[in-house]
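Visitor: I've got a protein chain up on the screen and a few labels I'd like explained. Can you walk me through them?
Guide: Sure, let's pull it up.

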Amino acid sequence: MNKLLTAVCCMALLYACNNSNTSSIENFKSIAVKYPDTKKDTTIKDDYFGTQVADPYRWLENDTSAETGAWVKAENEVTQNYLKQIPFHDGIAKRYENLMNYEKFSAPTKEGKFIYYFKNSGLQNQSVMYREPVEGGAAEEFLDPNKFSADGTTSLAGTNFSEDGSMMAYNISQGGSDWQKIIVMDAVNKKQSADTMQDIKFGSASWKGNDGFFYSTYDRPKEGSFLAGKTDNHKLLYHKMGTAQKDDKLIYGGDAAHPIRYVGGTVSEDQKWLIIFGANDTYGNSLSILDLTKPDAKIQMLVADMKNQHGIVDNDDQNFYIQTDRNAPTGKLMVVSIADPSESNWKTIVEAKPEVLSASSGGGSIFCSYLKDAVSKVYQYDRSGKQIREISLPGLGSAGGFGAKQGDKELYYTYTSYTAPYTIYKLDIASGKTSLYKQSKVQFDPNDYESRQVFYTSKDGTKIPMLITYKKGIKLDGKNPLLLYAYGGFSVSITPYFSTSNIILLENGGIYAVPNIRGGGEYGEAWHEAGIKTKKQNVFDDFAAAAQFLVDSGYTSRNLLAIEGGSNGGLLIGATITQHPDICKVAFPAVGVMDMLRYHKFTAGAGWAYDYGTSADNKEMFDYLYKYSPVHNVKEAAYPATFITTADHDDRVVPAHSFKFAANMQAKQKGDNPVLISIQSNGGHGAGRSTKQIIAEESDKWSFMFYNIGLKPKY
């Protein structure tokens, strides 16, 4: 779950003026806050294995009711009134807007006769898709998502070309919703087809020739409310061009026997195979193939038990090349004959290493990317598993994009770190030579800053890595503002990335720290498993230990410490402050999973049970969830200044989680620190945000943090 890898530049004169000032810590006057009156319904109680659990704010789960709408409006008014009274809010917003105003590019890809890439001129709400002829020629605008909506909140959520590049299907998301459309166009003449797929969730097009494509979705619930919007029976379909969506052929899934199963299908580059995966949880999947060269072929199961992760990385006429973590928690690469792909015939060609593997292919090679204490190492192999070379990377950071078509002679990869802006490199596959392709023009001098990796000890003695970034020469005297960010779940690895927003913190003498806590995937499945279900407390303990280490080591003090996390990381922040109300001065729980007893009842939440367990599993699991569920563990206490964020179109972690948490905290806050919630209109779970939305959200965040820790910024 990485943040947007954006970077920025602004006018040199403004930058010089900004740096002529110094930041300072002051005692700002308190801003009065009067929270809206939030109704409590004391009659609502649920019985869990004999335990009665009250849910007084359940009415806030009905996001489409007029009563909830009025509450949202009132809360936003309180929040905006508070932010308007921060004297430097506009200065931070202006600085960040100037920082964002620079030209940004994505890594290019080759599709048919063209090279495609995205470019943002600076402050465009959405990046525009361009293309250039492979044989050389002028660039032209291909698709402009800024024309999708007047306010820039309808975004491009994915593009998929047919094998010859003549057709393209692209997903669009309105207001950040997971419910999307697939729109088809002729890529040669840029004309839109009549084939538009409605109500697509967790699915995109994979073309078979130019005649049609495979995609996945659910049947959309008829009710508009998230309360009644649970989604079941994900299914893989085939759409034949020129036919109605209602006539699309069911290929796999969609059966009542497996209601929470996620399914998907990808056509191999040689167009011979449909590769199908199924997953009942967020870890473990089945793997199947369908021979597309035989009209009457049946789906053939390669792996059925879903106990491990498996994925086909590449294939040729004789073999499939498969990455798996079966009997190899960090991952290994195996080869299996197409003639007899039964598991007994799988042979290892790249053995597991202590580091976590992520494999990809291109130009006849296989690229194995490894995480070494959360930083990238990349090696190139031939298809026999012989190592050709290590790819020389610019430094200790995150590299990605080592994939291309089999006939390509070069690929483009990206590199970033906490002090290295997003940069694109070109790799000659045959020689391994790397050259700079496009360098960020962000107004940020990496030579002025440094990142240091430390290892600290968690509550149970486990060593946890953490990267700490700050301006060179900083004094460890406990007087530095610090933002501590983490995620800790779903085997997600948080690797180094450059954030334009963090410039605001760093250039004002602040520190940014990211621990790689358990529950993530930085050290393989064992690291993930150590932070799930009845081991979830390890995640919270790892994070609390990071905060304690930073204070004890002089990086900051509790009065200058802010903590942040989003989604599963929002749960992390909610659990941390309810367990340790005095741990920090400021907390940012974003789009968090806050009601651990009911999360599985909304949209696709039941699919998270592998990590969390559910309150319906058994009494032991209920007791464990009830003990840390943020909504249920808010007590009368002096909590940090808390800024909760969510969005009205978030149909992944529905806004009711944040609504109920905010209402409970506001009712029980006994200290002077504010508890505010900001509910974004036309916003989702984070992806697809417009530049305008990003600037507003990040400006609000830094203003709230700086004001509540007493930091007077340079602007």
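**Salt bridges and buried partners**

Guide: Keep in mind that this is a predicted model. Let's start with Arg 95 and Glu 507, whose side chains form a salt bridge with N and O 2.9 Å apart. The two sit in distant parts of the chain, 412 residues apart: Arg 95 belongs to helix α3 (residues 89-100), and Glu 507 to the loop between α4 (501-506) and β36 (511-515).

Visitor: What makes Arg 95 count as buried or exposed?

Guide: The cut-off for buried is under 20% relative accessible area. Arg 95 has 2% relative accessibility, so it counts as buried. Glu 507, at 5%, counts as buried too.

Visitor: Why is the contact between Asp 55 and Lys 660 called a salt bridge?

Guide: The rule asks for a Lys or Arg side-chain nitrogen within 4 Å of an Asp or Glu carboxyl oxygen. For Asp 55 and Lys 660 the N to O distance is 3.2 Å, so the pair fits that rule. Asp 55 is in the loop between β3 (51-54) and α2 (66-84), while Lys 660 is in helix α10 (residues 656-668), so the bridge ties together parts 605 residues apart in sequence. Asp 55 is buried at 4% relative accessibility, and Lys 660 is buried at 1%.

Visitor: Which residues share a network with that pair?

Guide: Salt bridges with shared partners join Asp 46, Asp 55, Arg 58, Glu 61, Asp 595, Arg 598 and Lys 660. Over the chain, the count comes to 33 salt bridges.

Visitor: How do you know whether Arg 383 is buried or partly exposed?

Guide: Partly exposed runs between the 20% and 50% cut-offs. Arg 383 comes in at 22%, so partly exposed is the label. Its salt-bridge partner is Asp 316, with the closest N and O atoms 3.5 Å apart. Asp 316 has a relative accessible area of 15%, so it is buried.

Visitor: Arg 383 is in the loop between β27 and β28. What sheet has those strands in its order?

Guide: An open sheet of four strands, ordered β25-β26-β27-β28, with antiparallel pairing. What puts β25 (356-362) and β28 (387-390) at the edges is that each pairs on one side only.

Visitor: And zooming out, why is the chain called as compact as a globular protein of its length?

Guide: First, the inventory: 11 helices and 41 strands. The radius of gyration is 25 Å, close to the 27 Å from the globule rule for 715 residues, so the chain is as compact as a globular protein of that length. Of those 715 residues, 58% count as buried.

Key
Residues are numbered from 1 along each chain as its sequence is written. This is a predicted model: local features need pLDDT of at least 70, side-chain atom pairs count only at pLDDT 80 or more; totals for chains, interfaces and linings use all residues. Side-chain values use heavy atoms; hydrogens and water are left out. Two strands pair if DSSP finds at least two bridges between them. The radius of gyration is taken over C-alpha atoms; the globule rule is 2.2 Å times the number of residues to the power 0.38. Buried means under 20% relative accessible area, exposed over 50%, partly exposed in between (1.4 Å probe, protein chains only).
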